[in-house]
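Keep a structure viewer open and a pencil handy. The exercises below take you through one protein, a step at a time.

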Amino acid sequence: MEPTDIPAAAAVLRRAAESFFLHESAPEDAANFLAQHDAAGLQRNLDAGYVYHVAIVDGVLAGFIGVRDGTHVFHLFVDAAYQRRGIARALWEAGRAAALVPAHPGFFTVNSSNFAVPFYESLGFERTAPMQVDKVRYNPMRLSTPLVGAA
C-alpha cells in the first residue's frame, strides 16, 4: 500500500464495515470503530510497521489486507462490487507469503467478523474462543502454518 492508496482503502473499509458488521454494534461503538479505522488510522498503522497489500482491479482499489507483527490479520476488506472473485483469498496469500520469513512463529490470528468466519474457516482458521464484543462483535481465530523451509 502506498500513501496515495490510503483514502481509497479507508473508503473500502468504511463501506464494508457499514454493510457487513457495524449493524451489530451500538451506534456510538460503530462511530468509534470508524473513527479509529479511517485514513489517519491506516496511516498510523503503516507508520507502526503494519504491512499492507492492495488489490487493484481496472485501476480501482478493490480491497486490501494489513498484517500486524507478521502474525495478525488486522484488516482484510474487499469492496462489495468485487467480492466473490477470489480477491480476498489472493490478498490473504500475498499477506501470508510476505509474513512467512524463517523466524516466523508458525501461526496467524485474526479477529473475524461474524460475516467473515466462513471465509477464514475456508483458509483453515479455527475459532479459539466464543464471539467477543468490544465496539464490534468478533471471533478470535487462529491458523497454524508450517514454518518456512519445514518439510
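Here are five exercises on this predicted model, each with a worked solution.

**Exercise 1. Describe the overall make-up of the protein: how many helices and strands does it have, and in what pattern do they follow one another?**

Step 1. Start with the inventory: there are five helices and seven strands.

Step 2. Walk along the sequence, and the pattern reads α-α-α-β-β-β-α-β-α-β-β-β. The radius of gyration is 15 Å, close to the 15 Å that the globule rule gives for 151 residues, so the protein is as compact as a globular protein of that length.

Step 3. Add the dimensions: the C-alpha trace spans about 50 × 40 × 30 Å along its principal axes.

Step 4. Look at contacts with a separation of 6 or more: 58% of them are between residues 24 or more positions apart.

**Exercise 2. Work out how strands β1, β2 and β3 are joined: which strands pair, and in which sense?**

Step 1. Begin with β1 (residues 51-57), which runs antiparallel to β2 and is joined to β2 by seven bridges. One place to look is His53, which stands opposite Ile65 in β2.

Step 2. Follow the chain through the turn. The hairpin of β1 and β2 has two residues between the strands, and Asp58 in this turn has a positive phi of about 50 degrees.

Step 3. Move on to β3 (residues 72-78), which pairs with β2 in the antiparallel sense over six bridges. Here Gly63 stands opposite Val78 in β3.

Step 4. Inspect the second hairpin: three residues lie between β2 and β3, and Asp69 takes a positive phi near 55 degrees.

Step 5. Finish with the cover on β2 (residues 60-68): seven of its nine residues are buried.

**Exercise 3. Find the partners of strand β7: which strands does β7 pair with?**

Step 1. Take β4 (residues 107-112), which is antiparallel to β7 (residues 136-144) and joined to β7 by six bridges. In this pairing, Thr109 has Arg142 as its bridge partner.

Step 2. Next comes β5 (residues 126-127), also antiparallel to β7, with two bridges between them. Arg127 is opposite Met141 in β7.

Step 3. Then turn to β6 (residues 132-134): three bridges link β6 with β7, again in the antiparallel sense. Asp134 sits opposite Val136 in β7.

Step 4. Check the connection between β6 and β7. They form a hairpin with one residue between them, and Lys135 in the turn has a positive phi of about 70 degrees.

**Exercise 4. Decide whether two loop residues, His37 and Leu100, are buried or exposed.**

Step 1. Locate His37 in the loop between α2 (27-36) and α3 (39-47). Its relative accessible area is 12%, which is under the 20% cut-off, so His37 counts as buried.

Step 2. List what His37 touches: leaving out residues up to four places away in sequence, the contacts are Leu13, Phe74 and His75.

Step 3. Locate Leu100 in the loop between α4 (87-99) and β4. With a relative accessible area of 16%, Leu100 is buried too.

**Exercise 5. Characterise the surface and the charges: how much area does the protein expose, and how many charged side chains does it have?**

Step 1. The exposed area is about 7,800 Å², and carbon and sulfur atoms supply 53% of it.

Step 2. Buried residues make up 42% of the 151 residues.

Step 3. Count the charges: there are 12 positive and 15 negative side chains, and the centres of the two sets lie 5 Å apart.

Terms used: Residues numbered from 1 in each chain as written. Predicted model: local features only at pLDDT ≥ 70, side-chain atom pairs only at ≥ 80, totals over all residues. Heavy atoms only, no water. Pairing = 2+ DSSP bridges. Helix = DSSP H or I, 4+ residues; strand = E, 2+ residues; numbered from the N terminus. Rg over C-alpha atoms; globule rule 2.2 N^0.38 Å. Buried < 20%, exposed > 50% of the residue type's maximum accessible area, 1.4 Å probe, protein only. Contact = heavy atoms within 4.5 Å. Areas by Shrake-Rupley, 256 points an atom, 1.4 Å probe, with all protein chains shown as cover. Lys, Arg positive; Asp, Glu negative; His and termini not counted. Charge placed at Lys NZ, Arg CZ, Asp CG, Glu CD.
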